[in-house]
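Dear colleague,

Please find the structure below, handed over for your reference. A summary of what was found in it follows.

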Amino acid sequence: MEGSSVQRSEEQQPCKQSVLSIENQERLENKQKPAQDQESDSGEEWDSDLEIEDTTNKKLSLFRAELYHQACQRTGTIPVSSFHRHKGEVHLNLNHYGVGRLGAKALAIVLQNDKNITNLELEDSALQTRGAHYLMEMLQMNITIHSLNLSNNRLHLEGAHIISKMLSDNYYIRSIKLSGNNFDDSAAKYFASALKGDYVVKELDLSHNKICDRGGEHLGYMLATNVGIEVLNLSWNHIRMCGAMALSAGLKVNSTLKQLQLSWNGFGHIETESLGQALKHNSTLVSLDLSSNRIDDQAVTLLCQGLAINEALMILKLSHNPITNTGALTLLRTVTNNTKSALEEIDISTVFVCETFMELLEEACQRSPALHVQYSVMRSVIRNLSALHIFQKFLKEQNESILDFFQALDKERTMKVSTLAFRNAIKSLYSAVIDTEMYCTAPPR
């Protein structure tokens, strides 16, 4: 990371003496009273006593469940029953079980030298900062856990600092989810600093936090230098204006990011314009989620400046924005006119479109069968389109043109047809078509 000339590599491993000092090990080995093994909820200094007596020999003979039970006894915490249901599995899911700080310590004791578990899920586990501290110490020893979920654990700024220090010297964690931890701009700065130039972490989830403009700037600078991240979730934050522009600037030069989630951030004209400019240059992003922002028809037009030439984006989500049929048409025409567009999925499911949009979409799908667009439509629009198709089918069967149809109605050659005459003709035509269909499908006597 910054200020270090040491290059990381997959062959390097972190020093296994970093977790526990010799002093702590000796202190543990000399413990005799059970009361000394318990930890009060407050007034304690940090400790890192994650070892048990004779660790090297005993861990070879104990099963993981037995080791976990022993660790829970020593830390004075109640074992989580779900732990035993994951015996032999690589995925350990303890989400919503209220593991707590002491429970995290027990887990850290068990997992520090574990060679089996690759995915550790601890969302909504009341870990708080101290629990995160124990887990980060464990990760200095563990070399098999690649995916970590610590969402909704009230980690705050101190927790962000602890985790970012681990990420600065990380060799193995490729996915980390930190949603809903009250992280602010200062926390974002910690993560951005840890991940500048990083190539190990592939997925970072910072959604449902309190990251604002300054935090967006830090993360934007990180994107510009990071060479590994592929999935970034920043939804449900407060990133706007300069923060959004910095993110777009980072996206413009980033060469690894594939999925970017920015829903519920308040993006408007300025933010979407900068994203549009970034999409002109970015060639790796395949999924962009801008749902539930402030993107209107004008903002769609600004975003389309990038979509007009982008050749990589495959999924675009714009639902729950103040977009009308006008914006939907602009978007569809832009995608249709870009013959090199890779877009296959467009979500504008909350936009009510008209007949023109549906007709254009039908043409677009004929040229690009993979294109799928989610939209809303009024019943009247469907009814009108149905009537139009029946009308076209009738003219084709009668070998007539639409001009022939209107000339038959304009008997006085005034070049005008009244609304009443047109409606009556359509009704007669519709009845004739229905009668014909019923006759053709009636069973023989």
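**Findings: surface, aromatic pairs and core**

Helix α17, which spans residues 402-409, supplies 3 residues to the nonpolar surface patch, the largest share of that patch. Please bear in mind throughout that this is a predicted model. The patch covers about 400 Å² and is formed by I402, L403, F406, V417 and F422. Of these, F406 lies in helix α17. F406 has a relative accessibility of 30% and therefore counts as partly exposed.

I turn next to the aromatic residues. A search of the whole structure gives 5 aromatic pairs. One of them joins Y171 and Y172 in a tilted arrangement, with 6.2 Å from centre to centre and 50° between the planes. Both Y171 and Y172 are buried.

Another pair, W236 with W264, is stacked: the centres are 4.3 Å apart and the angle between the planes is 20°. W236 is found in the loop between β6 (231-233) and α11 (241-253), and W264 in the loop between β7 (259-261) and α12 (269-281), so this pair ties together parts that are 28 residues apart in sequence. W236 has a relative accessible area of 39% and is therefore partly exposed. W264, at 43% relative accessibility, likewise counts as partly exposed.

The interior may be introduced through one helix. Helix α7 (residues 128-141) is mostly covered, as 12 of its 14 residues are buried. Among the buried residues of α7 are R130, H133, Y134, M136 and E137. The elements against which the buried residues of α7 pack are two helices, α6 (100-111) and α8 (156-168), and two strands, β2 (119-121) and β3 (147-149).

There is also the matter of the nonpolar core. The largest such core contains 96 residues, and those with the most contacts inside it are L150, I163, L331 and F357. Helix α6 provides 7 residues, the largest share of this core. Which residues does I163 touch, leaving aside those up to four places away in sequence? I163 touches M136, L150, L155, I176, L178 and F191. Two of these names have already appeared above: M136 is one of the buried residues of α7, and L150 is listed with I163 among the residues that have the most contacts inside the core.

I hope that this account serves as a useful introduction to the structure.

With kind regards

Notes. Residues are numbered from 1 along each chain as its sequence is written. This is a predicted model: local features need pLDDT of at least 70, side-chain atom pairs count only at pLDDT 80 or more; totals for chains, interfaces and linings use all residues. Side-chain values use heavy atoms; hydrogens and water are left out. Patches are made of residues with over 30% relative accessible area and no salt bridge: like charges are joined within 9 Å, nonpolar side chains (Val, Leu, Ile, Met, Phe, Trp, Tyr) within 5 Å. Accessible areas come from the Shrake-Rupley method with a 1.4 Å probe; for residues, only the protein chains shown count as cover. A salt bridge is a side-chain nitrogen of Lys or Arg within 4 Å of a carboxyl oxygen of Asp or Glu. Helices (H or I, at least four residues) and strands (E, at least two) are DSSP runs, numbered from the N terminus. Buried means under 20% relative accessible area, exposed over 50%, partly exposed in between (1.4 Å probe, protein chains only). Rings of Phe, Tyr and Trp (its six-membered ring) pair if their centres lie within 6.5 Å; planes under 30 degrees apart count as stacked, over 60 as edge-to-face and the rest as tilted. Contact means heavy atoms within 4.5 Å. A nonpolar core is a set of buried Ala, Val, Leu, Ile, Met, Phe, Trp, Tyr and Cys residues joined through side-chain atoms within 4.5 Å.
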